[in-house]
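Me: I would like to go through this structure by question and answer. Please keep the replies short and show the reasoning.

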Amino acid sequence: MTNYPRDEFDRVPEFNTRVGSHHAHGWAQSATSKSTGGKLLWVVLAAVIVLIIGAASFVFAPQLKDSIAGAGGSESTSPTDENESQEPSASESASESSTIDDADVLFDQRIGVYNAASVAGVASAGKEAVTEAGFTNIVTDNWNKPAETSTVYYMSEAERITAEKAAEALNIDDVLQTENIPNRVTVVIGSDDPLELNK
């Protein structure tokens, strides 16, 4: 064995973890990559599970909501309860039959009742109906042209309630204001037969 002087390469630490460059992708690198790949796999699996749950909720949630709402609605009211709540009492029916205060009606106001139905006796039947309602100044005649819809006309706001009272007595729905009428309150009875004379 030869004796050479010691140099820097002879001074190697006894415990050294250094490896050569050819070991850079060795077992340490592969172990690190395996552990990272395992974590990534769990992340992907969790994402897939979340997507599946979200898709299931999107598909089945509306059906579940409808079934719950249907069950709750069927228990809330029964057909008998609905019928009882919709049927007015006798006092309510009586109060709804007339909403007009007779104190505001001008019963002595001149009212013209006209036959526009081309059926004999319509104006006379209309006069009888408004007389029974309390009106005292009534004239009758034929209207100048046929009309399908019965209407009560009035000239000004002062006669509006009186016109509404006459319309109520004759079962007429249309009450209109106009100045082009022969009387301040004018009833035109058309072929819609509000007095049910043809029944």
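Me: Which residues does Val152 touch, not counting residues up to four places away in sequence?
Reply: Keep in mind that this is a predicted model. Neighbours up to four places away in sequence are not counted for Val152. The residues that Val152 touches are then Ala163, Ala167, Ile172, Asp174, Val175, Leu176, Val185, Thr186 and Val187.

Me: Which residues touch the most other members of the largest nonpolar core?
Reply: Nonpolar side chains tend to be buried together in soluble globular proteins. Here the largest nonpolar core holds 21 residues. Those touching the most other members are Ile111, Val113, Val130, Phe135, Val152, Leu170 and Val187.

Me: Which elements give two or more residues to this core?
Reply: Helices and strands both contribute at that level. The helices are helix 4 (122-132) and helix 5. The strands are strand 1, strand 3 and strand 5.

Me: Is Thr151 buried or exposed?
Reply: Thr151 is found in strand 3. Leaving aside neighbours within four places in sequence, Thr151 is in contact with Ile172, Asp174, Leu176, Thr186, Val187 and Val188. Its relative accessible area is 6%. The cut-off for buried is under 20%, so Thr151 is buried.

Me: How many salt bridges does the structure hold?
Reply: Side chains of opposite charge can pair when their charged atoms come close. One such pair is Lys165 with Asp102. The total number of salt bridges is five.

Me: How far apart in sequence are the parts that Lys165 and Asp102 tie together?
Reply: The closest N and O atoms of this salt bridge are 3.1 Å apart. Lys165 lies in helix 5 (residues 160-169), and Asp102 lies in the loop between helix 3 (90-97) and strand 1 (111-115), so the pair ties together parts of the chain with a separation of 63 residues.

Me: Which of these is buried and which is partly exposed, Lys165 or Asp102?
Reply: Lys165 has a relative accessible area of 9%. For Asp102 the value is 39%. Buried means under 20%. So Lys165 is buried and Asp102 is partly exposed.

Me: What is the N to O distance in the salt bridge between Glu159 and Arg184?
Reply: Glu159 lies in the loop between strand 3 (151-154) and helix 5, and Arg184 in the loop between strand 4 (174-177) and strand 5 (185-189). The pair therefore ties together parts that are 25 residues apart in sequence. Glu159 counts as buried at 5% relative accessibility, while Arg184 is partly exposed at 36%. The N to O distance is 2.9 Å.

Me: Where do Arg160 and Glu164 lie?
Reply: Their side chains meet in a salt bridge of 3.0 Å, N to O. The two residues are four apart, about one turn of the helix. Both lie in helix 5.

Me: Which residues do salt bridges that share partners join into one network?
Reply: Lys165 forms a salt bridge with Asp102. Shared partners bring in Glu168 as well. The network is Asp102, Lys165 and Glu168.

Me: What is the phi of Asn171?
Reply: Asn171 sits in the loop between helix 5 and strand 4. Asn171 is exposed, at 53% relative accessible area. It is not a glycine, yet its phi is positive, about 60°.

Me: Where does Glu196 lie?
Reply: Glu196 also has a positive phi, near 55°, and is not a glycine. At 47% relative accessibility, Glu196 counts as partly exposed. Its place is the segment after strand 5.

Technical notes. Residues are numbered from 1 along each chain as its sequence is written. This is a predicted model: local features need pLDDT of at least 70, side-chain atom pairs count only at pLDDT 80 or more; totals for chains, interfaces and linings use all residues. Side-chain values use heavy atoms; hydrogens and water are left out. A salt bridge is a side-chain nitrogen of Lys or Arg within 4 Å of a carboxyl oxygen of Asp or Glu. Buried means under 20% relative accessible area, exposed over 50%, partly exposed in between (1.4 Å probe, protein chains only). A nonpolar core is a set of buried Ala, Val, Leu, Ile, Met, Phe, Trp, Tyr and Cys residues joined through side-chain atoms within 4.5 Å. Contact means heavy atoms within 4.5 Å.
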